[in-house]
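User: I would like a close look at one part of this model. Please keep the sentences short, since I am in my first year.

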Amino acid sequence: GDTLLVAMAQRLSAVVSHFAAREEVEAIMLARLGGDEFAVVVKADHVQAIAPEIAAAIHSCLEPGYRIG
């Protein structure tokens, strides 16, 4: 359980770091809400334009399998 959550958080953190470096993103934050729930909060001038790209990156980073143990 915890090992999987840590692996997921590492992948999500990489996505957040990638977008944090982008000029159009003023702020981006990853939070674990509890259990297996995570949230990404984005502040950008045109967040509706970049949100689909962030969502696709999150989906892509979580799609590959996980090897635990």
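Of the 69 residues of the protein chain, what percentage count as buried? After that, please look closely at helix α2: which of its residues are buried, and what do they pack against?

Analyst: Burial first. Of the 69 residues in the protein chain, 19% count as buried. Keep in mind that this is a predicted model. The average pLDDT of the protein chain is 93, and 100% of its residues score at least 70. Helix α2 has the highest mean pLDDT among the elements, at 96. The lowest mean belongs to α1, at 94.

Now the setting. The protein chain has 2 helices and 2 strands. Along the sequence they follow the pattern α-β-β-α. The C-alpha atoms fill a box of roughly 40 × 20 × 15 Å along the principal axes. Take the contacts between residues at least 6 apart in sequence: 50% of them join residues at least 24 apart.

Next, α2 itself. Helix α2 covers residues 47-62, which makes 16 residues. At 1.5 Å a residue, α2 should span 22 Å. The C-alpha atoms at its ends are 22 Å apart, so the expected span and the model agree.

Which residues of α2 are buried? They are Ile50, Ile54 and Cys61. Down the axis of α2, these buried residues fall within an arc of 45 degrees, so they line one face of the helix. There is a general reason to expect faces on a helix. An α-helix has 3.6 residues a turn, so residues three or four places apart point the same way.

Look at the other side too. The face of α2 turned away from its buried side carries exposed residues. They are Gln48, Ala49, Pro52 and His59.

What does the buried side meet? The buried residues of α2 pack against three elements: α1 (2-20), β1 (25-34) and β2 (37-44). The packing can also be read from the other helix. The buried residues of α1 pack against β1, β2 and α2.

Let us cross over to α1. Its 19 residues should span 27 Å at 1.5 Å a residue. The end C-alpha atoms of α1 are 26 Å apart, which agrees. The buried residues of α1 are Leu5, Ala7, Met8, Leu12, Val15, Val16 and Phe19.

Phe19 is the one to follow back to α2. Phe19 sits in helix α1. Is Phe19 buried or exposed? At 1% relative accessibility, Phe19 counts as buried, because the cut-off is under 20%. Leave out residues up to four places away in sequence, and Phe19 touches Val25, Ile28, Ile50, Glu53, Ile54 and Ala57. Ile50 and Ile54 are among the buried residues of α2. Leu33 lies elsewhere: Phe19 and Leu33 are 14 residues apart in sequence, and their C-alpha atoms are 21 Å apart.

Leu5 is another buried residue of α1. With 14% relative accessibility, Leu5 counts as buried. Set aside residues up to four places away in sequence, and Leu5 touches Arg32, Gly35, Asp36 and Phe38. Leu5 and Arg32 are 27 residues apart along the chain, with 9.5 Å between their C-alpha atoms.

Now a residue from a strand. Val41 is in β2. At 46% relative accessibility, Val41 counts as partly exposed. Beyond its neighbours within four places in sequence, Val41 is in contact with Ala27, Ile28 and Met29. Ile28 is touched by Phe19 as well.

Finally, follow the chain past α2. Ile68 belongs to the segment after α2. At 44% relative accessibility, Ile68 counts as partly exposed. Leaving out residues up to four places away in sequence, Ile68 touches Thr3 and Leu4. Compare its position with Val47: the two are 21 residues apart in sequence, and their C-alpha atoms are 35 Å apart.

One last detail concerns rings. Arg11 lies over the face of Tyr66, at 3.7 Å from the ring centre. The count of aromatic pairs is 0.

To sum up α2: Ile50, Ile54 and Cys61 are buried, while Gln48, Ala49, Pro52 and His59 are exposed on the face turned away.

Note on methods
Residues numbered from 1 in each chain as written. Predicted model: local features only at pLDDT ≥ 70, side-chain atom pairs only at ≥ 80, totals over all residues. Heavy atoms only, no water. Helix = DSSP H or I, 4+ residues; strand = E, 2+ residues; numbered from the N terminus. Expected span 1.5 Å × (residues − 1). Buried < 20%, exposed > 50% of the residue type's maximum accessible area, 1.4 Å probe, protein only. Arc of directions from axis to C-beta. Contact = heavy atoms within 4.5 Å. Phe/Tyr/Trp six-rings, centres within 6.5 Å; stacked < 30°, edge-to-face > 60°. Lys NZ or Arg CZ within 6 Å of the ring centre and 35° of its normal. pLDDT = per-residue confidence, 0-100.
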